[in-house]
Amino acid sequence: MVKQRSVGLCIVLSVITCGIYGLYWLVCLNNDANTVTGKPGTDGGMVLLLTIVTCGLYGIYWAYKMGEKLDQARAEHGAPTGSLAILYLVLNLFGLSIVTWALIQSEINKYVPAA
């Protein structure tokens with residue numbers, strides 16, 4: 001079940017739990033994006049595992065692919081597309097993955113009806 005999440009609350013919870021909530025949020029982001037876009041991909045648990053095993057390298061690749069997926073969803077909904085993939089890639093390369101996650105969550109929230 002996809003639901004809207006407060007970006008600010010997710011960031012605060014990630015910080016105060018020293019990243020533990022961030023790991024859960026990563027899994028949810030992946031699964032929610034797969035559901036919202038209708039394009040199934042790698043399961044969220046596998047994304048987390050591969051990111052940990054590759055010391056974060058898979059997370060950079062995942063962010064790029066997530067940008068491509070969300071750009072395609074924008075195009076299908078008639079919204080202007082951009083270069084989300086490049087933006088997410090650059091943010092992750094500079095160690096700002098939490099900003100990438102916030103942007104992804106914001107994009108997912110656009111496709112989920114408010115509760």
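In this predicted model, Glu68 comes out as partly exposed, with a relative accessibility of 27%. Its salt-bridge partner is Lys65, and the closest N and O atoms of the two sit 2.8 Å apart. Lys65 is partly exposed too, at 36% relative accessibility. Both residues belong to helix 4, where a spacing of 3 residues puts about one helical turn between them.

That contact is one of 5 salt bridges in the structure. Another one starts from helix 4 but reaches much further along the chain: Glu76 pairs with Lys39, again as a salt bridge, with 2.6 Å between the closest N and O atoms. Glu76 lies in helix 4, while Lys39 lies in the loop between helix 2 and helix 3 (44–53), so this pair ties together parts that are 37 residues apart in sequence. As for surroundings, Glu76 is exposed, with a relative accessible area of 54%, whereas Lys39 counts as partly exposed at 24%.

Then there is the salt bridge between the side chains of Asp32 and Arg5, at 2.6 Å from N to O. Here, too, distant parts of the chain are linked: Asp32 is in helix 2 and Arg5 in the segment before helix 1 (7–16), 27 residues away. Buried or exposed, then, for Asp32? Its relative accessibility is 7%, so Asp32 counts as buried. Arg5 is buried as well, with a relative accessible area of 11%. Elsewhere, Arg74, Glu107 and Lys110 are joined up in a network of salt bridges.

Turning to the rings, the structure has 3 aromatic pairs. Among them is the pair of Trp25 and Trp101, which is edge-to-face, with 5.9 Å from centre to centre and 80° between the planes. Trp25 sits in helix 2 (residues 20–37) and Trp101 in helix 6 (residues 97–109), so the two rings tie together parts of the chain that are 76 residues apart in sequence. Trp25 and Trp101 are both buried.

Tyr58 and Tyr61 make up another pair: their ring centres are 5.6 Å apart and their planes meet at 50°, so this one counts as tilted. The two tyrosines share helix 4 (residues 57–76) and are 3 residues apart, about one turn of the helix. Their surroundings can be told apart from the accessibility values: Tyr58 is buried, with a relative accessible area of 17%, while Tyr61 counts as partly exposed at 45%.

Key. Residues numbered from 1 in each chain as written. Predicted model: local features only at pLDDT ≥ 70, side-chain atom pairs only at ≥ 80, totals over all residues. Heavy atoms only, no water. Phe/Tyr/Trp six-rings, centres within 6.5 Å; stacked < 30°, edge-to-face > 60°. Helix = DSSP H or I, 4+ residues; strand = E, 2+ residues; numbered from the N terminus. Buried < 20%, exposed > 50% of the residue type's maximum accessible area, 1.4 Å probe, protein only. Salt bridge = Lys/Arg side-chain N within 4 Å of Asp/Glu carboxyl O.
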